[in-house]
Amino acid sequence: MNLVQETLMKLARQASLILHDYYVLTSAYFNKDLDISENHRYVLKQLPVSCQLTSESSLVLIANLRLWDNEMLLRSIMEGTIKFVHLTLGTNEERESKINEFWEVLPAISEIKRTKRAKALVDSLPEPLNSDMVFIKDVILDDEIMEELEKRYPRKFRKEVEQRWSYSEIVKELSQHPLYSNLNGMFHSYGIGSQLIHQDANAINLLIDHNSRSADRREAKELAHGCRQISDIITFAAMRYFAYSKLYNEDIEKLFLESFDTLNNEMEVFHQLFRDIEDKYKDV
């Protein structure tokens, strides 16, 4: 294990404790009294739980120096957090409508797509492969159910809902809210994660650029990269805590925990190291 990994493992371990502290604060709202439906309360609980679990996995990747693969997990945490914030805003009626779209309508739309794709796959296979695709056939809805779903959710409606729930549309809407006016900056990291998921040329060139650097530049970049990811993970946890507090009309005395401030100060050394080394190479 090299010094970079040892350092990031230590920082990730510290971050794991802070992440847990934020989860304790956030989970205190799960069963707190509020005039919302049980389904509403249930869905609002599931997103933070899912984000928490993925955040824990993300820290494991950082500790093992899998920083580029981790960008894909960070994209998932970021999107889950943004959707959670979106679901906490508005009147009870507005939130119930969003909860219904998120938990009922979007999954139904996905079932329509999944059935069509699975049916196309099965129909394209010759025997005996066709008969062996039981695990695929199991996801194909009956014709009557498909007809009912497509009647309830026409194609135009499905496209409108999917567009409304796209990451870019949610961020644009949230950016107009006074509490979240700075969220436009979240497009950059999300874009990097998307490129890596799709394995496009830009993503491959990012890796080529990183691997072609001299050892000192590469190591400084890895340290700064890992520190930025750690900071993002904890910041997203703080955002979920903040969103829940606002849903309950509560004010948080200090959003960022002292332990997080301390960790950020420790990580700033590595950000500065990266800037200094990059400045040194500018004139080379």
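Start by selecting Glu79 and Arg75: their side chains meet in a salt bridge, 3.9 Å from N to O. The term salt bridge here means a side-chain nitrogen of Lys or Arg within 4 Å of a carboxyl oxygen of Asp or Glu. Both residues sit in helix H3 (residues 67-88), 4 residues apart, or about one turn of the helix. Helices here are DSSP runs of H or I with at least four residues, strands are runs of E with at least two, and numbering goes from the N terminus. Glu79 counts as buried because its relative accessibility is 16%, and Arg75 counts as buried at 18%. Buried means under 20% relative accessible area, exposed means over 50%, and partly exposed is in between (1.4 Å probe, protein chains only).

A word on what you have open: this is a predicted model, where local features need pLDDT of at least 70 and side-chain atom pairs count only at pLDDT 80 or more, while totals for chains, interfaces and linings use all residues. Residues are numbered from 1 along each chain as its sequence is written, and side-chain values use heavy atoms, with hydrogens and water left out.

**Zoom out**

Show the whole chain as a cartoon and you get 13 helices and 0 strands. The C-alpha trace spans about 65 × 55 × 30 Å along its principal axes. Of the 284 residues, 43% are buried. Switch on a surface: the accessible area is about 15,700 Å², and carbon and sulfur atoms hold 53% of that. These areas come from the Shrake-Rupley method with a 1.4 Å probe, and for residues only the protein chains shown count as cover. Among contacts with a separation of 6 or more, 75% are between residues 24 or more positions apart; contact means heavy atoms within 4.5 Å.

**Back to H3: Ile82**

Stay on helix H3 and pick Ile82. What is its relative accessibility? It is 0%, so Ile82 counts as buried. Leaving out residues up to four places away in sequence, Ile82 touches Tyr167, Ile170, Val171, Leu174, Leu183, Met186 and Met239. Try a C-alpha distance to Met186: the two atoms are 9.7 Å apart, with their positions 104 residues apart along the chain.

**Long-range salt bridges**

By the salt-bridge rule the count comes to 20. One of the pairs to pick is Glu266 with Lys10, at 2.6 Å from N to O. This pair links distant parts of the chain, with Glu266 in helix H13 (residues 258-282), Lys10 in helix H1 (residues 3-27), and 256 residues separating them. Glu266 is partly exposed at 28% relative accessibility, and Lys10 is partly exposed as well, at 40%.

Next, select Asp216 and Lys280, whose side chains form a salt bridge at 3.6 Å, N to O. Asp216 lies in helix H12 (residues 215-247) and Lys280 in helix H13, so this pair ties together parts that are 64 residues apart in sequence. Asp216 is partly exposed, with a relative accessible area of 27%, whereas Lys280 counts as exposed at 51%. Then add Asp209, Arg213, Arg217 and Glu278, which are joined into one network by salt bridges that share partners.

**Two buried arginines without a salt bridge**

Go to Arg240 in helix H12. Which side chain of opposite charge is nearest to Arg240? That is Glu56, 8.9 Å away; Arg240 is buried yet has no salt bridge. Lys and Arg count as positive and Asp and Glu as negative, with His and the chain ends not counted. Beyond its neighbours within four places in sequence, Arg240 is in contact with residues including Leu19, Pro48, Gln52, Ile77 and Phe84.

Now jump to Arg158 in helix H8 (residues 155-164). Arg158 is also buried without a salt bridge, and its nearest side chain of opposite charge is Glu150, at 4.1 Å. Not counting residues up to four places away in sequence, Arg158 touches Ile109, Ile112, Lys116, Glu150 and Tyr153.

**Last stop: a charged patch**

Finish on the surface with Asp142, Asp143, Glu144 and Glu147, which gather in a patch of negative charge. Patches are made of residues with over 30% relative accessible area and no salt bridge, joining like charges within 9 Å and nonpolar side chains (Val, Leu, Ile, Met, Phe, Trp, Tyr) within 5 Å. The place of a charge is taken as NZ of Lys, CZ of Arg, CG of Asp or CD of Glu. Within this patch, Glu147 belongs to helix H7 (residues 143-152) and counts as exposed at 58% relative accessibility.
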